[in-house]
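User: I've just opened this model and I'd like to get my bearings. Walk me through it, please.

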Amino acid sequence: MIEQETVKWIKVGSYEEMSKIASSIFVKQLQNKSNSVLGFATGGSPVGFYKEIVKSYQEGKISFEEVTSFNLDEYVGIPSSSPASYATYMIENLFQHVDVPKESYHLPNGNAINLEEECLRYDKSIEAAGGIDLQLLGIGVNGHIAFNEPGIPFTSLTNIVDLAESTRIENARYFENLEDVPTQAITMGIQSIMNAKKIVLIAFGDKKVAAIERLYRGTITEDFPASQLLKHSNLTVIYGSEG
Ligand SMILES: N[C@@H]1[C@@H](O)[C@H](O)[C@@H](COP(=O)(O)O)O[C@@H]1O
């Protein structure tokens, strides 16, 4: 069935605990390698994680001066200055609070004139930076990672995807109404994510229980994108729920 032996499962009792453990892994990474290449995620799950990271920065435990970062994904067709864009999310939750040079953080450009070219360029720039040392991930209720919806090939690199209706509904909370949620996104592919040297996946709450249980059961299938992570040689899953 699976390569479960290589996965580290950490069950937590609260969202705060999850955020603290995840952030401590990143803090350790930066303390060991100040010029790490980090992979960042957005959504509700990592908000507490970023708060902890900012706290560690303010306490002088880490610096972002030498860090390079790449975000997983961005919507197609909304301005990067929009309050709902992932670029805005990252500025508000992390970048404006730490000493990261503006040229050192990267998000895929969902407004590129040639989106195909932008996909190729994004994977190339990750490669040119030496690859991602440590990648943070959340998980969608349907098992999507970044914006890789069920059915996307495991071999996918950065690509343009149509968002599942359930994903649009989930993310409608960041927009005025459902109609405003873009129908497409630009996202690192499953293979681009698998290329990271280490991966930390966080998931907390009753809504995520089914997805985590399915992941734990271990059947690897493209219908459940996160399942490919079980093949990664350095995956930590930090999870829990209120119940
Ligand atoms: N593209 C993001 C994913 O990267 C994220 O993991 C997922 C779960 O989000 P949340 O943490 O808000 O549940 O939502 C979005 O679709």
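**Active site and first helices**

User: Which residues does UniProt list as "active site"?

Analyst: UniProt positions follow the numbering used here, with feature names shortened, and annotations may be inferred rather than shown by experiment. Residues are numbered from 1 along each chain as its sequence is written. Keep in mind that this is a predicted model: local features need pLDDT of at least 70, side-chain atom pairs count only at pLDDT 80 or more, and totals for chains, interfaces and linings use all residues. The unreviewed entry puts "active site" at D73, N142, H144 and E149.

User: Why is D73 called buried or exposed?

Analyst: D73 sits in strand β4, residues 73-75 (strands, E, need at least two residues and helices, H or I, at least four; both are DSSP runs numbered from the N terminus). A residue is buried with 20 or more other C-beta atoms within 10 Å of its own, exposed with 12 or fewer, and partly exposed in between, with C-beta atoms placed from the backbone. D73 has 22 of them within 10 Å, so D73 counts as buried.

User: And how does N142 count?

Analyst: N142 lies in the loop between β6 (134-137) and β7 (159-162). Leaving out residues up to four places away in sequence, N142 touches P150, A164 and S166 (contact means C-beta atoms, placed from the backbone, within 7 Å). With 18 other C-beta atoms within 10 Å, N142 is partly exposed.

User: How far does helix α1 reach from its first C-alpha to its last?

Analyst: Helix α1 covers residues 15-32, so you've got 18 residues to play with. The expected span is 1.5 Å times one less than the number of residues. For α1 that gives 26 Å, and its reach is close to that, at 26 Å.

User: What arc do the buried residues of α1 cover?

Analyst: Those buried residues are M18, S19, A22, S23, F26 and L30. They're on the same side of α1, because around the axis they cover an arc of only 115°. That arc is taken over the directions from the helix axis to the C-beta atoms, and here its value is 115°.

User: Which elements do the buried residues of α1 pack against?

Analyst: One partner is a helix, α2, at residues 47-58. From the other side, what covers the buried residues of α2 includes α1. The full list for α1 is β2 (37-40), α2, β6, β9 (198-204) and β10 (235-240).

Note on methods. Two residues are in contact if their C-beta atoms, placed from the backbone, lie within 7 Å.
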